[in-house]
Structure formats: structure tokens, C-alpha cells
Amino acid sequence: MSAVGTRTLRIGTRGSILATTQAGSVRDALIAAGHEAELVIISTKGDQSTDPVQKIGVGVFTAELREALLDGRVDVAVHSYKDLPTAQDERFVIPAVPPREDPRDALVARDGLVLGELPPGSKVGTSAPRRESQLRALGLGLEVLPLRGNLQRRLGKVDSGELDAVVLARAGLSRIGRLDLVTESIEPVQMLPAPAQGALAVECRSEDTALVAILAEFDDAPSRAAVVAERALLAELEAGCTAPVGALAEVVESLDDDGRVFDELSVRGCAAAVDGSDVIRASAVGSPDRAEELGRSVARELLDLGARDLMNVTEGGDADA
């Protein structure tokens, strides 16, 4: 059954400020295009639990949204793309990946400090083994501590003095209008972001072809190519969102031998030991229409360099946010 026509499109979202802001941008775009739309709040296991994500399972922030799609409570679901399992579910389709926010990680530190200014022994909170491993690999002598909770709770740890700094996704702070808190946007050469960080997945039922066509109007080709490459890398590594794996794909302009401009997709990936003792990196460049192939080729290079052993030793932690 189609969800379009005279019906109001119901957009499922988690209830956090960040999630509703993300979903609200999709709602507003639909309304601007002439479609009635509203948000429907869906509670997820990830929101209800304080346990690390690896204890409560992959997809803890997305499963209930997908259930709501299947039983007809909502017509559209908006996810942080990095929260979705990499395995394809044929019941669903993602017609739109809107323009991606800056995918870098961000430091929010006391007294306006940047990473290099934090004294050895400074307490830095992070939600992800990926961040923990790359922070330790910088050799700054930081005490890296686990961190859970929504953005406001995490930021409050710095305000209260419990932590000297936290590392968060810059995109989340941007979406809630708090980039003023960022003391440093961490460059990818220091810390590669999580695969698909900063990207949204606008999902609906595969059978709802009329809605698929409407949502596809909001798809951003460069953002989709980047996300496809990064998630293909993650899938080839057989790693989940809690693994110490970073990836970043970007569409960049290049010149051919005749001086003509053309687009290429640059893909970088890393796998690391959580204790920071080893980080292995690989990269590839090619046509954006080869996004999946490029992502998998980078993953295979990482595997050849020993990524599997690193990940087997260092599994654990919590999801990125």
C-alpha cells in the first residue's frame, strides 16, 4: 500500500534532541516539496539501556524503527546511517542519503584546549573503541574513559569537571546548533571517523514504490557514494559499529591528461588496537560509480596487513555518537 497521496507521511525517529532534529530536517524538506509530514517518536532498546552496545546487540538504535515501518505505524524512518547493520534487508530500501554533514570527530575540552594542549593524564571521554584506539595512538598520555548517554549528558561531563574533554561526532553538534562548543575539529590524518558518520539514511518499505520515488528526490549522489564505500569496507572486514575501524570516503576533483576536471572517490580506512599500540591504514582512489568495489579493496588491503588479528584482540566498547 502506498503511503503517499492525501495522507500525511509519518516519519519515525528516536526521541533524542539530535534524532528529532535530524528527522525534522527530512520532514521540513518533504513539506517544502508539497507533502504533508509529521514526526512519530519511537523508543529503542539503545535509548532504554545503559549497557555498552556490544552487550545489547547490533541495530539497537534502528530495529524498533524498522518494526514500526513493517507494522505500518510509520511510513519513513530516519536513521543515523552508521547505526544500521551492514547486512542488506530486502524488506527495506534507502531511497535518500541527504547531503552529509562534516564527518570529522570533534573535541570539546575545558578552557578551549585542543588535543595537543591537554596535559598528560587528562581525562577524555569517548563512546567508541575506534576513537579510543586512535587517541591512544597519538601518544599524548591521555586517560581515555568510557562514555555513554545523549549529547547533553556527555557534554555535561566537561561542564561539571568530571572530564577534561570529550570526543564526539562533529555532525551531531552541528545539527543541534552547538558548534560553538567545539575546541578542535580533529583532522582525519589523526582520527578517521566511523563509517557513514555524519550521514543520514532515509528508509521506507521496498514495496512502497510511490514513496521511494518521492524520497529519491532528496538523494545526494556524492554523499551516497561515500557512504556506500565506507560501509562496504566495514562489511568486508565483517566488523560492526563497535569495532575499532575508521573510514572516510570523499568525492574529489581531479584533472585528466588534457586538463579536464573529473570526479574521483578517495577512500581511506584504518583498523587499530584499542590500546593504541598499532594502527594500520590503507587507501584507494577510483570512479565514484565503483564505490562499493573501492571500499572492499581497501578492506582487503587492511586484512592483508593484519586487521583481523587486531580486531579479534580488541573487540568491545560502545557505539559512536
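These legends accompany close-up views of a predicted model.

**View 1. The largest nonpolar core of the predicted model.** Here you can look into a core of 26 residues, where Leu237, Val245 and Leu265 have the most contacts inside it. Two or more residues come from each of these elements: the helices α9 (221–236), α10 (291–304) and α11 (307–313), and the strands β11 (245–255), β12 (261–272) and β13 (279–286).

**View 2. Val245 and its contacts.** Val245 is one of the residues with the most contacts inside the largest core. Setting aside neighbours within four places in sequence, its contacts include Leu233, Leu234, Leu237 and Ala239. Val245 also touches Arg130, the stretch Pro193, Ala194 and Pro195, and, further along the chain, Cys270 and Met311.

**View 3. Another nonpolar core.** Apart from the largest core lies another, made of 15 residues. Among them are Leu30, Val76, Ile214 and Leu215, which make handy starting points for finding this core in the model.

**View 4. Asp111, a residue with positive phi.** Asp111 sits in the loop that links β5 (105–109) to β6 (123–126). Its phi is near 60 degrees, a positive value in a residue other than glycine. Is Asp111 buried or exposed? Its relative accessibility is 66%, so Asp111 counts as exposed, the cut-off being over 50%.

**View 5. Ala196, with positive phi in a buried setting.** For Ala196, phi is near 75 degrees, again positive in a residue that is not glycine. Ala196 belongs to the loop between β9 (184–186) and β10 (200–205). With a relative accessible area of 0%, Ala196 is buried, because that term covers values under 20%.

Technical notes
Residues numbered from 1 in each chain as written. Predicted model: local features only at pLDDT ≥ 70, side-chain atom pairs only at ≥ 80, totals over all residues. Heavy atoms only, no water. Core = buried A, V, L, I, M, F, W, Y, C linked by side-chain atoms within 4.5 Å. Buried < 20%, exposed > 50% of the residue type's maximum accessible area, 1.4 Å probe, protein only. Helix = DSSP H or I, 4+ residues; strand = E, 2+ residues; numbered from the N terminus. Contact = heavy atoms within 4.5 Å.
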